[in-house]
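User: Please take one part of this model and go through its surroundings in detail. I would like the contacts, the polar distances and the secondary structure around that part in one connected account.

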Amino acid sequence: MFADAQQNFGLLVSEDAGQVYVRGGNLNASFSEAIVTQPVTRSQFFVVTLSHQSNQLRLRVNGGAWATQASSTTNGTFSSSPPQSVLATGSAVELAHLATFNTAQTDAAISAVEHWLALDVGITPWW
């Protein structure tokens, strides 16, 4: 769904055997791939958070538990305004908002952004 210019770091929405998943991926400088996955419900808005900081690739949906995998620095560079590509195929994905930060964020700051996004699209608060 979105990725850096080299396609080394990004977020994907896919379906496997009827279940929809969001997957975050990172190809690091030693060409080792890390992937984190969370299931989501079809035909509903949800807030997906993909975070890569402190050598951890993390993904969560609607403020739930983080799916986490160790992953060092991305093999590539972002411009000052990532992401560099947003891709959507078919009719399965509707993107309401995309917020990116090029600096480490505290979990409290991440939660504040997630809450604003959820309220803006009418998601019942999980907090």
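Analyst: Two residues are in contact here when heavy atoms of theirs lie within 4.5 Å. The model is predicted, and the part chosen is the surroundings of glutamine 105.

By that criterion, and leaving aside residues up to four places away in sequence, glutamine 105 touches Gln53 and Ile110. Glutamine 105 belongs to the loop between strand S8 (85–86) and helix H1. Its relative accessible area is 24%, so it is classed as partly exposed, because buried would require under 20% and exposed over 50%.

The contact with glutamine 53 can be described further. Along the chain, glutamine 105 and glutamine 53 are 52 residues apart, while 8.4 Å separates their C-alpha atoms. A polar atom in the side chain of glutamine 53 is found 2.8 Å from the backbone oxygen of glutamine 105. The side chain of glutamine 105 has a polar contact as well, with the side chain of threonine 103 at 3.1 Å.

Seen from the other end, glutamine 53 touches Arg58, Ala104 and Gln105, again without residues up to four places away in sequence. Glutamine 53 is part of strand S5, which covers residues 48–53. S5 and strand S6 (residues 56–61) run antiparallel and are joined by six bridges. Within this pair, arginine 58 of S6 stands opposite serine 51. Two residues lie between the strands of the S5 and S6 hairpin, and serine 54 there adopts a positive phi near 55 degrees.

Arginine 58, one of the residues touched by glutamine 53, has a further partner. Its charged end sits over the ring of tryptophan 66, at 3.9 Å from the ring centre. Rings do not pair with each other in this model: a search of the whole structure gives zero aromatic pairs.

The strands just described belong to an open sheet of three, ordered S5-S6-S7 with antiparallel pairing. S5 and strand S7 (67–70) are its edges, each pairing on one side only. On average, neighbouring strands in this sheet are turned by 10 degrees against each other, with direction ignored. Helix H1 (residues 107–121) packs on the sheet and touches S5 and S6, and the direction of H1 makes about 35 degrees with that of S6. H1 also bounds the loop that holds glutamine 105.

For comparison, another hairpin can be set beside that of S5 and S6. Strands S2 (residues 9–16) and S3 (residues 19–27) run antiparallel, with eight bridges between them. One of the bridges pairs leucine 12 with arginine 23 in S3. This hairpin has two residues between its strands, and alanine 17 takes a positive phi near 55 degrees.

The loop between S3 and strand S4 (33–40) contains asparagine 28. Asparagine 28 has a relative accessible area of 6% and therefore counts as buried, whereas glutamine 105 is partly exposed. Asparagine 28 and serine 72 are 44 residues apart along the chain, with their C-alpha atoms separated by 5.7 Å.

Notes
Residues are numbered from 1 along each chain as its sequence is written. This is a predicted model: local features need pLDDT of at least 70, side-chain atom pairs count only at pLDDT 80 or more; totals for chains, interfaces and linings use all residues. Side-chain values use heavy atoms; hydrogens and water are left out. Rings of Phe, Tyr and Trp (its six-membered ring) pair if their centres lie within 6.5 Å; planes under 30 degrees apart count as stacked, over 60 as edge-to-face and the rest as tilted. A charge sits over a ring if NZ of Lys or CZ of Arg is within 6 Å of the ring centre and within 35 degrees of the ring normal. Two strands pair if DSSP finds at least two bridges between them. Helices (H or I, at least four residues) and strands (E, at least two) are DSSP runs, numbered from the N terminus. A polar contact is a pair of N or O atoms within 3.5 Å; within protein, one must be able to donate a hydrogen and the other to accept it, and residues adjacent in sequence count only if both atoms are side-chain atoms. Axes are lines fitted to C-alpha atoms, for helices over the stretch in contact, and angles run from 0 to 180 degrees between N-to-C directions. Buried means under 20% relative accessible area, exposed over 50%, partly exposed in between (1.4 Å probe, protein chains only).
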